Amino acid sequence: MNILTFDIEDWYNCDFITPDLNWDKYEVRIYEGVERILQELENRRLKATFFCLGWIAEKHPDVIRSIHMQGHHVGCHSYQHELTYDLDPKSFRYNTEKSKKLIEDLIGESINVYRAPGFSITKHNTWALEILVELGFEYDCSLFPAAHDYGSFDSFGKAEPAILKFSNGVQIKEFPINNKRILTKNFVFSGGGFFRFYPYWLIKYWARSSSYMMTYFHCRDFDPKQPMIESLPLVRKFKSYVGLSTSFVKFQKLLNDFEFVSVDNADKLINWGNVRVLQV
Ligand SMILES: [Zn+2]
């Protein structure tokens, strides 16, 4: 099973580029970025899940409206890309509820799927998952079962859909990011800088030998014209800008070679009675 997802944020909507959250001064590139993706999916009659920032819903509502009008599955990706482990439970609840409502008011439907910015739900802040259940989310796609600059949840075990069950009995369906285990290390290849970095033949080889793939793309992953921040530390600069000029063609090849579904359609294909139940 291969799942197609996008995180809908502009090139400046992340803490390492703009820690001051004063975002109105930056060049807006999200419209053309989303339009390019939507056109590609429409040509292929493909449906995907789009995790949107509440801030985008507030400032650029037409972006979210166009995603929804094309029949895609719309989810929440926080309000202003706040990393979950930087928040206390009260502010996480406040920001998530605010973002969920902004998006729901815009599309006229309730939303049921969440992804934390930077995969920032770890084994140390699983209270965030319980709050998601309380706010009405059915699915979470935030767990990253490998090493990551931000969040990682390496105790998750095999990276495939599972049910997370809390001590109070409530549960949420988890769709983690997939990885490829080679010797003792887990390699991620299905989105962001990892997808831009590895050659396509290797991504295809890894994807062919995986029974589950969860992609995560951003408009900036495909945008060589985005403003480059020269002052970024070298490693961060490399991770942010590697492979930008070839990534959209790689993305098209991936869509040619594999079949994809959105999270809500994947849910219908899974026999949840047979998946792992993890106590968290
Ligand atoms: Zn993000």
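**A guided tour from the zinc site to the second largest pocket**

Begin by selecting the zinc ion, whose protein donors are Glu9 (OE), His77 (NE2) and His81 (NE2), at 2.0 to 2.1 Å from it. The model on display is a predicted one. Along the chain, these donors follow the spacing E-x67-H-x3-H. Glu9 belongs to the loop between E2 and H1, and His81 to the loop between strand E4 (73-76) and helix H4 (89-107), so the pair ties together parts that are 72 residues apart in sequence. Colouring by accessibility is useful here: Glu9 is buried, with a relative accessible area of 0%, and His81 is buried as well, with a relative accessible area of 10%.

Next, display the aromatic side chains. The whole structure contains 28 aromatic pairs. One of them joins Phe6 and Phe251, an edge-to-face pair with 6.0 Å from centre to centre and 80° between the planes. Since Phe6 lies in strand E2 (residues 5-8) and Phe251 in helix H9 (residues 247-257), the pair ties together parts that are 245 residues apart in sequence. Phe6 and Phe251 are both buried.

Now move to Tyr12 and Trp55. Their ring centres are 6.1 Å apart and their planes stand at 85°, so this pair is edge-to-face. Tyr12 is found in the loop between E2 and helix H1 (30-44) and Trp55 in helix H2 (residues 54-59), so the pair ties together parts that are 43 residues apart in sequence. Both Tyr12 and Trp55 are buried.

Return to Phe6 and extend the selection to Phe50, Phe195, Phe217, Phe222, Phe248 and Phe251; ring pairs link these residues, with Phe6, into a cluster. At Phe248, add Arg36 to the view: the charged end of Arg36 sits over the ring of Phe248, 3.8 Å from its centre. Elsewhere, select Lys100 and Phe137, where Lys100 lies over the face of Phe137 at 5.4 Å from the ring centre.

The last stop is the second largest pocket. Which residues lie nearest its centre? Select Lys158, Ala159, Asn179, Lys180 and Arg181, which hold that position among the 15 residues lining the pocket. The lining of the second largest pocket divides into three nonpolar, seven polar and five charged residues. The space within this pocket comes to about 300 Å³.

Terms used
Residues numbered from 1 in each chain as written. Predicted model: local features only at pLDDT ≥ 70, side-chain atom pairs only at ≥ 80, totals over all residues. Heavy atoms only, no water. 1 Å grid on protein atoms, 1.4 Å probe; cavity = no way out; pocket = protein on both sides within 12 Å on 5 of 7 lines; lining within 4 Å. Points joined across faces, edges and corners; volume = space filled by probe spheres on them. Nonpolar A, V, L, I, M, F, W, Y, C, P; charged D, E, K, R; others polar. Phe/Tyr/Trp six-rings, centres within 6.5 Å; stacked < 30°, edge-to-face > 60°. Helix = DSSP H or I, 4+ residues; strand = E, 2+ residues; numbered from the N terminus. Buried < 20%, exposed > 50% of the residue type's maximum accessible area, 1.4 Å probe, protein only. Lys NZ or Arg CZ within 6 Å of the ring centre and 35° of its normal. Donors = N, O, S within 2.8 Å, 3.2 Å for Na, K, Ca; no water.
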